[in-house]
Amino acid sequence: MSIESDLQARTRVAGQAVFILGALGLSLLLLSQITTQTVWIEDAKSFPAQPRFWPGVAIAMMVTSFGLHLLLMRRRRPDRLDWVEARRWLEPLEYVLWFMAYVFLVPVAGFLPMSLIFACALTWRLGYRDAGYFWVAALFAVCTVALFKGLLGVKIPGAAVYDALPGTLRSFFILYL
């Protein structure tokens with residue numbers, strides 16, 4: 001067995017084909033857009049001073065590196081384990097969606113109510129079902145609101161539901177909750 005094939009056998013990991021194909025595709029897309037996303041200045045003092053030069057060099061190196069990696073791979077077609085691994089890479093996106101829902105719902109329901117709901121819902125989603133965990137999550141949410149609104153003085157817009165409250169109560173909710 002040659003050193004190169006031994007190295008390829010030892011470095012073959014699940015998801016490699018999907019990753020290399022995806023990275024090469026993204027690099028080619030970026031390279032195709034370089035002329036629309038950067039400018040060329042006619043009276044630039046030197047070629048490396050062009051705004052397009054260094055991004056072009058970086059993207060060309062990405063295309064070259066991923067292309068060479070793909071050519072040197074023994075097996076270039078993704079198999080079942082590659083797709084299983086690729087799905088695992090997408091799992092963290094669920095938490096991005098949770099956070100985006102939180103961000104969009106805070107102006108509707110309020111910082112404290114959404115923080116309580118969010119902390120408890122994530123606690124449940126992570127598999128912690130005992131009441132003690134929910135109390136800790138709720139305490140964490142209250143402390144977070146107290147830290148950001150009270151101690152740090154972060155200005156967070158009042159919720160739309162606060163408009164239904166009477167004057168002084170509405171002011172209190174906007175200021176502290």
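**Exercise 1: Two cysteines**

Work out why Cys-120 forms no bond with its closest cysteine.

*Solution.* Start with the distance: the sulfur of Cys-120 lies 13 Å from the closest cysteine sulfur, which belongs to Cys-143, and that's too far for a bond. Keep in mind that you're looking at a predicted model. Next, bring in the cut-off: the two sulfur atoms of a disulfide have to be within 2.5 Å. Now turn it around and start from Cys-143: its nearest cysteine sulfur is that of Cys-120, again 13 Å away, so Cys-143 is in no disulfide. The count for the structure is zero disulfides. As for surroundings, Cys-120 is partly exposed at 22% relative accessibility, and Cys-143 is partly exposed too, at 45%.

**Exercise 2: A ring pair in helix 6**

Describe how the rings of Phe-99 and Tyr-102 are arranged, and say whether each residue is buried or partly exposed.

*Solution.* A pair of aromatic rings is described by two things, the distance of the centres and the angle of the planes. Step one, the distance: the centres of Phe-99 and Tyr-102 are 6.2 Å apart. Step two, the angle: the planes of Phe-99 and Tyr-102 sit 35 degrees apart, which makes the pair tilted. Step three, the position in the chain: Phe-99 and Tyr-102 are three residues apart in helix 6 (residues 93–109), so about one helical turn separates them. Step four, the accessibility: Phe-99 has a relative accessible area of 44% and is partly exposed, whereas Tyr-102 is buried at 12%. This is one of eight aromatic pairs in the structure.

**Exercise 3: The largest nonpolar core**

Find which helix gives the largest share of the largest nonpolar core.

*Solution.* First, list the members: Tyr-102, Val-106, Phe-111, Leu-112, Met-114, Phe-118, Leu-122, Val-145 and Ile-156, nine residues in all. Then look at where they come from: helix 6 and helix 7 (111–125) each supply at least two residues of this core. Helix 7 wins, with five residues. Now zoom in on Met-114: leaving out residues up to four places away in sequence, Met-114 touches Tyr-102, Leu-105, Val-106 and Ala-109. There's also another core, of eight residues, lying apart from this one; Ile-20, Ala-23, Leu-24 and Met-73 are among them.

**Exercise 4: Helix 2 meets helix 5**

Describe how helix 2 and helix 5 cross, and which residues meet.

*Solution.* Begin with the axes: those of helix 2 (residues 16–32) and helix 5 (residues 80–90) come within 7 Å and cross at roughly 65 degrees. Next, pick out the residues: from helix 2 you have Gln-16, Ala-17, Val-18 and Phe-19, and they meet Asp-82, Trp-83, Ala-86 and Trp-89 of helix 5. Finally, sort the residues of this contact: six are nonpolar, one is polar and one is charged.

**Exercise 5: Two loop residues**

Place Trp-40 and Gly-158 in their loops and list their contacts, leaving aside neighbours within four places in sequence.

*Solution.* Take Trp-40 to begin with: Trp-40 is in the loop between helix 3 (34–37) and helix 4 (53–72), and is in contact with Phe-47, Gln-50 and Arg-52. Trp-40 also joins Phe-47, Phe-53 and Trp-54 in one aromatic cluster. Now for Gly-158: look in the loop between helix 8 (131–151) and helix 9 (167–176). The contacts of Gly-158 are Pro-107 and Ile-174. Last step: Gly-158 and Tyr-176 are 18 residues apart in sequence, and their C-alpha atoms are 9.5 Å apart in space.

Note on methods
Residues numbered from 1 in each chain as written. Predicted model: local features only at pLDDT ≥ 70, side-chain atom pairs only at ≥ 80, totals over all residues. Heavy atoms only, no water. Axes fitted to C-alpha atoms, helices over the stretch in contact; angles between N-to-C directions. Contact = heavy atoms within 4.5 Å. Nonpolar A, V, L, I, M, F, W, Y, C, P; charged D, E, K, R; others polar. Phe/Tyr/Trp six-rings, centres within 6.5 Å; stacked < 30°, edge-to-face > 60°. Buried < 20%, exposed > 50% of the residue type's maximum accessible area, 1.4 Å probe, protein only. Core = buried A, V, L, I, M, F, W, Y, C linked by side-chain atoms within 4.5 Å.
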